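Visitor: I should be grateful for a close look at a single part of this structure, namely the strand that holds residues 142–152. Please explain where this part sits and what surrounds it.

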Amino acid sequence: CAGAVYAETLSPVADMLLPDYMKLQYAGNVGLFSGGLGYSFFRERVQADLSYGYVPSDVGGNAIHTFTGRISAIPFRIRLSGDYTLYPVTASVFGCYTPGKNYVTKWKGPYPDGYYAPTAFYSGESIGMRLRTATRGSAVTAVDWYAEVGTLNQYIDDYRRSDGQLKIKDIINVSFGVVLYR
């Protein structure tokens with residue numbers, strides 16, 4: 001993990017326990033705005049993060065809060081000139097929980113088990129790309145700017161069953177974000 005600024009002041013155990021990065025995202029089925037913390041593994045080829053997302057009531061009808069776990073693969077990079085690195089392909093899977101009275105973990109009543117999917121839990125995937133800028137002399141050692149295209153597994157299932165009524169554009173979303181590394 002990056003973190004030369006803190007390496008001299010933290011014990012090895014404390015350094016290992018502190019998250020490697022902070023992520024801020026706009027859109028992408030995890031809240032209109034979301035933010036979280038995460039860790040990098042395998043020389044930054046795999047990342048795992050937890051985030052909190054929020055959709056304001058004027059956008060979602062009711063205020064919506066989401067909690068998301070995400071695993072991302074970043075298979076290769078292309079070093080550009082100077083302090084820039086391009087990550088042309090990223091792939092992520094995520095699972096979300098949305099608490100509240102409008103969301104259920106299990107349907108009650110006359111419905112047989114599995115008839116309706118729970119609305120409080122959902123999962124999805126995304127693909128994207130990143131551009132990293134290295135920084136110097138700061139607690140933030142690098143900044144990634146990213147864009148992703150994603151969908152939810154329920155949307156894929158709905159698309160398959162729609163008999164042509166749904167189009168790909170109906171089930172995908174675009175998100176943008178920034179990752180700040182320590």
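Guide: The secondary structure of the protein chain amounts to 5 helices and 9 strands. Read from the N terminus, the elements follow the order α-α-β-β-β-α-β-β-β-β-β-α-α-β. This is a predicted model, and the mean pLDDT of the protein chain is 92, with 96% of its residues at 70 or more. Residues 1–6 have pLDDT under 50; for this stretch the model has 11 contacts beyond four places in sequence. The C-alpha trace spans about 60 × 35 × 30 Å along its principal axes. Of the 182 residues in the protein chain, 33% count as buried.

The strand in question is S8, which covers residues 142–152. One may begin with Ala142, which belongs to the largest nonpolar core. The 5 residues of this core are Tyr21, Ala142, Tyr146, Val179 and Tyr181. At least two of them come from S8, and at least two from strand S9 (173–181). The contacts of Ala142, leaving aside neighbours within four places in sequence, are with Arg132, Thr133, Ala134, Thr135, Val179, Leu180 and Tyr181. Two of these partners, Val179 and Tyr181, are also members of the core.

Next comes Asp144, whose side chain meets that of Arg132 in a salt bridge (2.6 Å, N to O). Asp144 lies in S8 and Arg132 in strand S7 (residues 121–134), so this pair ties together parts that are 12 residues apart in sequence. Asp144 and Arg132 are both buried. The two residues also take part in a network of salt bridges that links Glu44, Arg130, Arg132 and Asp144.

Val149 is also placed in S8. Its relative accessible area is 36%, so Val149 is described as partly exposed. Val149 helps to make a nonpolar surface patch of about 830 Å², together with Tyr26, Phe33, Ile127, Tyr159, Ile168, Ile172, Val174 and Phe176. For the surface of the protein chain as a whole, about 11000 Å² is exposed, and carbon and sulfur atoms supply 64% of it.

Some other parts of the chain help to place this strand in its setting. The structure holds 11 salt bridges. In one of them, the side chains of Arg182 and Asp15 meet at 2.7 Å, N to O. Arg182 lies in the segment after S9 and Asp15 in helix H2 (residues 12–17), so their pairing ties together parts that are 167 residues apart in sequence. Arg182 counts as buried because its relative accessibility is 10%. Another salt bridge joins the side chains of Asp49 and Lys23 (3.1 Å, N to O). Here Asp49 belongs to strand S3 (residues 46–55) and Lys23 to strand S1 (residues 21–26), so the parts tied together are 26 residues apart in sequence. Asp49 and Lys23 are both buried.

Lys23 is also among the contacts of Gly36, which include Tyr21, Met22, Leu50 and Ser51 once neighbours within four places in sequence are left aside. Gly36 lies in strand S2 (residues 33–41) and counts as buried, because its relative accessibility is 12%. Across the protein chain, residues 24 or more positions apart account for 55% of the contacts with a separation of 6 or more.

Key: Residues are numbered from 1 along each chain as its sequence is written. This is a predicted model: local features need pLDDT of at least 70, side-chain atom pairs count only at pLDDT 80 or more; totals for chains, interfaces and linings use all residues. Side-chain values use heavy atoms; hydrogens and water are left out. Patches are made of residues with over 30% relative accessible area and no salt bridge: like charges are joined within 9 Å, nonpolar side chains (Val, Leu, Ile, Met, Phe, Trp, Tyr) within 5 Å. Accessible areas come from the Shrake-Rupley method with a 1.4 Å probe; for residues, only the protein chains shown count as cover. A salt bridge is a side-chain nitrogen of Lys or Arg within 4 Å of a carboxyl oxygen of Asp or Glu. Helices (H or I, at least four residues) and strands (E, at least two) are DSSP runs, numbered from the N terminus. Buried means under 20% relative accessible area, exposed over 50%, partly exposed in between (1.4 Å probe, protein chains only). A nonpolar core is a set of buried Ala, Val, Leu, Ile, Met, Phe, Trp, Tyr and Cys residues joined through side-chain atoms within 4.5 Å. Contact means heavy atoms within 4.5 Å. pLDDT is the predictor's confidence in each residue, from 0 to 100.
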